[in-house]
Amino acid sequence: MKNSRILITCPKGIPPFLKQELLALNFPVLSENLAGVETEGTLEDTMALNLFIRTGHRVLFQLKAFSSNNADDLYRAVLGIAWEDHIPEDGYVCVTSSVDNPTIKDTRYASLKCKDAIVDRIKEKTGKRPDSGSERDRSVVHLYWKDDQCSIYLDTTGEPLSRRGYRKIPLGAPMQETLAAAVVLAAGWDGTGNFVNPMCGSGTLAIEAALIGLNRASGLLRNNFGFMHLKSYNETLWNELRERSKKDVKKSLSGRIIATDISGHAIDAAKKNAATAGVEHLIEFSVCNFSDTPLPENGGVIVMNPEYGERMGEEQRLEGTYKDIGDYFKQKCRGFTGYVFTGNPALAKKVSLKPKRTFQFFNSGIECRLLEYELYEGTRKFKREKPLPA
Ligand SMILES: C[S@@+](CC[C@H](N)C(=O)[O-])C[C@H]1O[C@@H](n2cnc3c(N)ncnc32)[C@H](O)[C@@H]1O
């Protein structure tokens with residue numbers, strides 16, 4: 001099998017964590033950009049990447065890179081790819097695209113030209129024309145076209161990797177699974193200390209923490225990936241890879257995971273999601289105000305994702321909550337490292353503690369910060385944030 005460039009896409013802010021993951025899996029990092037990291041490997045390697053990567057969204061295997069000035073150039077170049085080796089003639093193909101070229105007014109037109117070239121080529125070689133459409137649950141091809149530079153990729157993921165398959169019960173404002181994994185990694189949690197998650201909502205952070213702590217592959221629950229709909233798909237190899245990954249899963253965690261929420265409805269949903277993910281037994285759930293969350297004696301990390309008032313008028317209501325989080329950290333959480341994930345800098349100020357570090361993330365296009373607070377034990381004073389100039 002031939003090596004090629006592989007681009008793993010992700011939301012902005014995540015590339016440093018994705019890069020760490022790739023290096024830990026022994027994949028080289030060829031480049032890092034705002035919303036993706038490039039590595040290389042074979043089409044077979046994309047199975048491992050889809051199974052193990054926690055913070056990426058799509059694993060794109062490059063088939064061809066070329067220059068193209070207009071849609072006709074694009075059609076000719078795509079027609080030159082041996083699609084009959086990749087996409088079953090009786091299959092279904094979806095073309096997605098990201099296009100920034102002055103001759104293309106509507107990206108759908110570029111996708112259409114690309115799709116035409118794929119099905120025309122397969123018809124010419126096999127006598128059959130695969131179906132096509134916008135569903136991403138079978139073969140997916142991605143076109144990236146910026147100025148005159150084009151890349152054609154097999155999207156070996158299909159539906160993004162954030163759809164792990166465990167979040168069956170939806171709740172308002174859940175965090176994407178990939179982002180939650182990046183937040184857990186940013187908090188440096190590896191399963192050895194305690195992970196406390198007040199305001200857990202549907203449980204995404206606690207569930208991702210459990211999966212990371214156990215070293216359980218994030219793709220194990222999914223039974224559909226783009227690579228499964230390619231002619232090269234080797235089911236035996238995939239099953240072997242899955243089974244091998246299970247051998248590396250830890251039986252238990254030395255640290256505790258505690259997840260609470262004021263809403264009983266949220267805790268019910270979080271428990272069901274954790275059960276689907278197979279980690280319910282590792283998370284101590286309870287219904288309570290965040291400040292009554294039971295805390296282990298030996299410290300750890302406390303990660304909170306309060307609402308951040310995306311609608312008018314909500315901000316004022318939430319000011320008190322953020323102030324209370326600051327008081328809770330100061331009064332009850334000595335010896336822990338506290339984290340607050342929020343998309344509202346004005347509310348973050350109400351915590352009134354000086355963050356030791358901040359990480360920039362994006363949640364559904366909104367710029368967010370993960371603020372890290374060191375909550376010293378003993379007599380050491382908390383660093384208060386200087387008041388803002390009037
Ligand atoms: C933005 S959501 C958290 C989403 C979560 N990260 C997820 O992935 O589902 C905020 C949660 O805080 C909870 N909450 C609000 N005020 C609270 C309080 N005073 N004590 C505990 N939980 C609270 C809400 O019920 C909600 O589930």
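Biologist: How close do the axes of helix α5 (residues 177–186) and helix α6 (residues 204–214) come, and at what angle do they cross?
Modeller: They come within 9 Å and cross at roughly 65°. Axes here are lines fitted to C-alpha atoms, for helices over the stretch in contact, with angles from 0 to 180 degrees between N-to-C directions. Helices are DSSP runs of H or I with at least four residues, strands are E runs of at least two, and both are numbered from the N terminus. Mind you, this is a predicted model: local features need pLDDT of at least 70, side-chain atom pairs pLDDT 80 or more, while totals for chains, interfaces and linings use all residues. Residues count from 1 along each chain as its sequence is written, and side-chain values use heavy atoms, without hydrogens and water.

Biologist: Is that crossing of α5 and α6 left-handed or right-handed?
Modeller: Right-handed, a label used if the near helix is turned clockwise from the far one by less than a right angle (anticlockwise would be left-handed).

Biologist: Which residues of α5 and α6 meet?
Modeller: Contact means heavy atoms within 4.5 Å. On that test, Ala180 and Val184 are among the α5 residues, and Leu205 and Ile212 are among those in α6. The contact splits into eight nonpolar, one polar and two charged residues; Ala, Val, Leu, Ile, Met, Phe, Trp, Tyr, Cys and Pro are nonpolar, Asp, Glu, Lys and Arg charged, and the rest, with Gly, polar.

Biologist: How many residues surround the ligand?
Modeller: 16, with Ser202, Thr204, Asp261, Asn289 and Asn305 the closest; the test is a heavy atom within 4 Å.

Biologist: What puts serine 202 in polar contact with an oxygen atom of the ligand?
Modeller: A polar side-chain atom of serine 202 lies 2.6 Å from that oxygen, so the pair passes the cut-off of N or O atoms within 3.5 Å. Threonine 204 also has a polar side-chain atom 2.6 Å from a ligand oxygen. For methionine 175 a polar backbone atom is 2.9 Å from one.

Biologist: Which strands stand at the edges of the β11-β10-β9-β12-β13-β15-β14 sheet, and why?
Modeller: That open sheet of seven strands has mixed pairing, where a pair needs at least two DSSP bridges. β11 (283–287) and β14 (357–363) each have a single partner strand, so one side of each lacks a neighbour. Strand β10 (residues 257–261) and β11 pass with five bridges, in the parallel sense, and aspartate 261 stands opposite valine 287 in β11. Helix α9 (residues 314–332) packs on this sheet, touching β12 (300–304), β13 (336–342) and β15 (366–374), at about 170° to β13.

Methods. A polar contact is a pair of N or O atoms within 3.5 Å; within protein, one must be able to donate a hydrogen and the other to accept it, and residues adjacent in sequence count only if both atoms are side-chain atoms.
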